[in-house]
Amino acid sequence: MAQPKKSLSEASKSKETLRKTYGETSGAKGRNPPKTLRQKLDRKTKMKTVIKSTSVLKQSGPGSILHYIYHSTLGQSLHSQMRRKGAGDFIGGMKFSPTDPSKVFLASGDGTLTLQNFDGHPPTVLSRVQDCGHDHHNVCLWYCCVDVSLSRQMLLAGDNMGRVSLLGIDGQEIFNEKLHKAKVTHGEFNPRCDWLLATASVDHTVKLWDLRKMKDKNSYLHEMMHDKAVNSAFFNPVDCSKLLTTDQYDQIRVYSSSDWSTPQQIIQHPHRQFQHLTPIKATWHPMYDLIVVGRYPDERVCPGDLRTIDVYDANTGEVACQLLDHNATGIVSVNKFSPMGDVLGSGMGVNILVWNREETLGHKQLAGQAQQEDVQPGRGRGRGRASSRSQHRRMGGAGRGERQGEDEDNIGKLKKKLAFLEESSSSGTRARAAPSRGGNDDSKTRKGKKK
């Protein structure tokens with residue numbers, strides 16, 4: 001039994017109209033419809049199919065990022081759906097929840113501090129910067145950094161006007177004051193001493209605070225003046241007694257709890273910044289007092305210098321090794337060791353490099369291959385491939401032969417140091433990356449082993 005005409009789709013109706021108009025009925029030959037009319041009908045049918053598939057996606061609810069990327073490769077426009085999965089603006093800072101790894105705290109450029117999750121549920125807005133509005137105010141405020149303290153059940157967020165906010169995990173405001181003259185680029189709780197807080201700012205200062213005594217901008221414990229704006233201030237994971245700061249031009253500093261007023265090391269390192277470059281921040285190795293940072297050389301100062309990834313000994317300020325992949329010559333702004341320190345991830349533009357332990361510490365071999373993942377612009381897809389042989393270089397004004405000799409000496413020293421640390425760890429002895437100056441205990445242990 002034939003279905004009534006009301007149940008026919010519009011495309012079927014159009015085809016039926018064509019058959020009637022041009023005599024294309026069953027058992028009869030008639031004129032063929034013009035090409036233009038056929039093309040219109042085909043376009044209309046394709047549009048119906050795309051609209052239908054898009055509506056199915058909306059009804060099925062949010063999927064994974066890979067799900068949306070796959071449909072994007074098929075030519076479907078899903079920008080609005082992808083946007084709903086993100087922070088809604090640029091991300092000033094992010095921190096995983098210490099109690100639930102499927103959730104992350106985000107400081108966003110839209111002026112909100114949110115708790116995002118990876119299961120597709122809507123984000124929870126914990127705080128919103130006062131008087132923030134891109135369209136209604138001459139000066140817009142936004143959060144630039146975030147950190148979380150598990151022991152104190154507290155969040156920290158700094159904004160672009162120098163204010164620092166302390167919140168409960170649920171978003172309840174505890175403290176909100178202007179502590180810096182300009183943008184707060186970084187804020188961090190000390191993991192070992194949870195009342196100690198460090199903040200960095202583009203006002204050329206890093207400040208240490210006692211949470212128990214914070215009142216206003218003048219209630220800091222220590223103020224560390226820098227020559228340029230400061231991007232970050234990280235406590236070292238080994239014992240949290242050191243502070244690593246990175247400015248926006250050519251200085252990396254290491255401060256020690258023995259004397260916060262004077263830097264223990266000032267490392268001259270080119271990493272100048274401009275507006276459209278992700279800020280370069282030196283970070284710590286989780287097990288040893290080693291520093292990793294990307295190099296952005298200045299041709300006006302040192303012609304021919306390469307964009308390497310530099311690993312420094314924090315106790316001596318000397319270069320331990322340098323990493324370079326000739327297949328990825330971008331500026332490496334982001335470098336981060338894995339929690340165990342056996343893998344280093346490096347981010348630059350549209351490339352991600354992954355280095356293994358032998359490459360980053362020079363422990364077993366001097367050269368290896370990095371696994372590189374290329375992310376295609378606008379596509380969001382990646383493909384893994386092996387890169388060319390990496391090179392470790394010692395950069396400086398000396399000749400090539402001298403640089404290689406110095407590099408071998410530094411790597412040899414680092415090998416001995418790491419061998420001692422691993423042997424001490426296996427015997428149950430707590431070891432540090434390098435003995436402090438004047439520290440006799442470690443030096444005696446080394447002499448004993450040489451004998």
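These are my notebook entries on a few things I looked up in this structure.

**Entry 1: the model**
I am working with a predicted model, so everything below describes that prediction.

**Entry 2: nonpolar cores**
I began with the inside. The largest nonpolar core holds 16 residues. Leu244, Trp284 and Ile291 have the most contacts within this core. I then checked which strands feed it: strand S15 (251-256) and strand S18 (290-294) each give at least two residues. A second core, separate from that one, has 15 residues, including Tyr288, Ile309, Leu344 and Trp355.

I also asked what Leu244 touches, leaving aside residues up to four places away in sequence. Its contacts include Ser232, Phe234, Ile252, Val254 and Ala282. Trp284 and Ile291 are also among the residues that Leu244 touches.

**Entry 3: the sheet around Trp284**
Next I followed Trp284 into its sheet. Strands S17, S18, S19 and S20 form an open sheet in the order S17-S18-S19-S20, with antiparallel pairing. Strand S17 (283-284) and strand S20 (319-323) are at the edges with a single partner strand each, so one side of each has no neighbour in the sheet. S17 and S18 run antiparallel and are joined by two bridges. Which residue in S18 is the bridge partner of Trp284? I found Ile291 there.

**Entry 4: strands S21, S22 and S23**
I moved on to S22 (residues 344-348), and I liked its pattern: the side chains alternate. Leu344, Ser346 and Met348 point to one face and are buried, whereas Gly345 and Gly347 point to the other face and are not buried. Leu344 had already turned up in the second core.

S22 pairs antiparallel with strand S21 (residues 334-337) over four bridges, and Val334 is opposite Gly347. The hairpin of S21 and S22 has six residues between the strands. In that turn I noted Gly341, with a positive phi of about 80°.

S22 also pairs antiparallel with strand S23 (residues 351-355), over five bridges. Here Ser346 has Leu353 in S23 as its bridge partner. How many residues lie between the strands in the hairpin of S22 and S23? I counted two, and Gly349 in this hairpin takes a positive phi near 50°.

**Entry 5: a patch on the surface**
Last, I looked at the outside. Ile91, Met94, Phe96 and Phe118 make a nonpolar surface patch of about 450 Å². Ile91 sits in strand S1 (residues 91-96). Is Ile91 buried or partly exposed? Ile91 is partly exposed, because its relative accessible area is 45%, and the partly exposed class lies between 20% and 50%.

Methods
Residues numbered from 1 in each chain as written. Predicted model: local features only at pLDDT ≥ 70, side-chain atom pairs only at ≥ 80, totals over all residues. Heavy atoms only, no water. Core = buried A, V, L, I, M, F, W, Y, C linked by side-chain atoms within 4.5 Å. Buried < 20%, exposed > 50% of the residue type's maximum accessible area, 1.4 Å probe, protein only. Contact = heavy atoms within 4.5 Å. Patch = residues over 30% accessible without salt bridge, like charges linked within 9 Å, V, L, I, M, F, W, Y side chains within 5 Å. Areas by Shrake-Rupley, 256 points an atom, 1.4 Å probe, with all protein chains shown as cover. Salt bridge = Lys/Arg side-chain N within 4 Å of Asp/Glu carboxyl O. Pairing = 2+ DSSP bridges.
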